[in-house]
Amino acid sequence: MTAISRVLGTAVVFASLGAFQAQAAECIAPADPGGGWDFTCRTVGKLLHDLDLVDEPVQVTNMPGGVGATAYANVMSKRADDESLLVATSTVGVTQIAQDKYPAGTDVMRWIAMLGTDVGVLVVPDDSEFEDLNDLVEALKEDPGSVPTAGSSGAGGWDHIRLLMLADEAGISAEDYKQIRWVQFDGGSPAVTQMLGGQVDLVSTDLGEIAGFVESGDIRILAALSDDPIPAFPDAPTAIEQGYDVTGYNWRGFYTGGEVSDEAYNSWVERLSDLYETDEWEEAATSSGLVPVWRGGEEFEAYVNEQADQMNQISREIGVIE
């Protein structure tokens, strides 16, 4: 697609907006209900309709499988030009792409926008033997395989990488931290459910996926992987406060099919930008532990490509891919 065609597409976006609004929109959440991608679809979809940015309620479709790979393949092969379609994605999905775990690279989709970022957390059952991060680190140093851990991505995915970044910061050798036991579940919520059932001892995931479990008191945050305390849970200690300089953010956003017209693509960017500027979005995001951050259109596409390159490099450095 040429730069000229993108400019022309921008110029006609307002004239064509009404046509797209007349078509009911659909948002695919590439996971089971209850997780972060499901939250992104349902929250943004509801606000789009409540704020009259779309005429009809947004239909949410859950399409779990392959940490987003199933939905990616579906859109690429069957719905590449579907102008009514949004697909929720995040840093987790881009990490999978960077490690060649999706059927194609970032260039087969059109990346619309990100509206906020989630904060990575390490959580344990409320009655866990680990009182703080030092307890966990000491256990891993003594026997890296003694603590079964889990997240919503496979080995080498973003949830796993964040845990290995902590191990590396704690001085655990690459040879040792590769022995840490890791179990993948299709979402942070199922991972926590299994942890509460005693299947694993610790979950690395995003706060937005499991905030309800923290609020209920079933689990507690051992470390927030953020520069500053999380506004929704200000008493939860950060890894930095505990002496480990590790952060792990996960942005939330959307892509659509690679053959969607410039007019439809720019229409989605415009509508999500309008939504982002509202008090309703700020309240919805912050109450769920998200930090509102906007990148849209070409800026977001460039950001996604840059992040994919970074993840590829990190994955090679820690030996996840060759």
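**Helix packing and cores in a predicted model**

Let me begin with one pair of helices, α9 and α10, which are oblique to each other, because an angle counts as oblique when it falls in none of the parallel, antiparallel or perpendicular ranges. I should say at once that what we are looking at is a predicted model, and what follows should be heard with that in mind. The axes of α9, residues 188–196, and α10, residues 207–216, come within 8 Å and cross at roughly 40 degrees, and the crossing is right-handed. On the α9 side the contact is made by G188, S189, V192, T193 and L196, and on the α10 side by E209, I210 and F213. Sorted by class, the contact of α9 with α10 has four nonpolar, three polar and one charged residues.

Staying with α10 for a moment, which of its residues are buried? They are L207, E209, I210, A211, F213 and V214, and the cover over the buried residues of α10 includes the helices α3 and α9 together with the strands β4 (109–125), β7 (202–206), β8 (219–225) and β9 (249–257). After α10 comes G217, which has a positive phi, near 85 degrees.

That brings me to α3, residues 36–50, which I would like to follow through two further contacts. With α12, residues 279–287, the axes come within 11 Å and cross at roughly 160 degrees, and that makes α3 roughly antiparallel to α12. Here too the crossing, in which α3 passes α12, is right-handed. The residues that make this contact are F39, T43, V44 and L47 from α3, and E280, W281 and A284 from α12; by class, the contact of α3 with α12 has five nonpolar, one polar and one charged residues.

Turning to α11, we find that α3 and α11 pack at an angle of about 90 degrees, with their axes 10 Å apart, and the two helices are therefore roughly perpendicular to each other. In this contact V44, L47 and L48 of α3 meet W268, R271, L272 and L275 of α11, and the residues of the contact of α3 with α11 divide into six nonpolar, no polar and one charged.

One residue of α3 that deserves a separate word is D38. Is D38 buried or exposed? At 7% relative accessibility D38 counts as buried, because the cut-off for that label is under 20%. Leaving aside residues up to four places away in sequence, D38 touches A29, D32, P33, V60 and N62.

Finally, the cores. The largest nonpolar core has 55 residues, and those with the most contacts inside it are W37, L48, W111, I112, F254, L275 and W281. Which helix supplies the largest share of this core? The answer is α11, residues 262–276, with seven residues. If we look at L275 itself, and again set aside residues up to four places away in sequence, L275 touches V44, L47, L48, L51, L53, L115 and W281. Within that list, V44, L47 and L48 are the α3 residues that I named in the contact with α11, and W281 is one of the α12 residues in the contact with α3. Apart from the largest core lies another, of 25 residues, among them L140, L166, I172 and V246.

How values were computed:
Residues are numbered from 1 along each chain as its sequence is written. This is a predicted model: local features need pLDDT of at least 70, side-chain atom pairs count only at pLDDT 80 or more; totals for chains, interfaces and linings use all residues. Side-chain values use heavy atoms; hydrogens and water are left out. A nonpolar core is a set of buried Ala, Val, Leu, Ile, Met, Phe, Trp, Tyr and Cys residues joined through side-chain atoms within 4.5 Å. Buried means under 20% relative accessible area, exposed over 50%, partly exposed in between (1.4 Å probe, protein chains only). Helices (H or I, at least four residues) and strands (E, at least two) are DSSP runs, numbered from the N terminus. Contact means heavy atoms within 4.5 Å. Axes are lines fitted to C-alpha atoms, for helices over the stretch in contact, and angles run from 0 to 180 degrees between N-to-C directions. Angles under 35 degrees count as roughly parallel, over 145 as roughly antiparallel, 65 to 115 as roughly perpendicular and the rest as oblique. A crossing is left-handed if the near helix is turned anticlockwise from the far one by less than a right angle, and right-handed if clockwise. Ala, Val, Leu, Ile, Met, Phe, Trp, Tyr, Cys and Pro count as nonpolar, Asp, Glu, Lys and Arg as charged, and the others, Gly among them, as polar.
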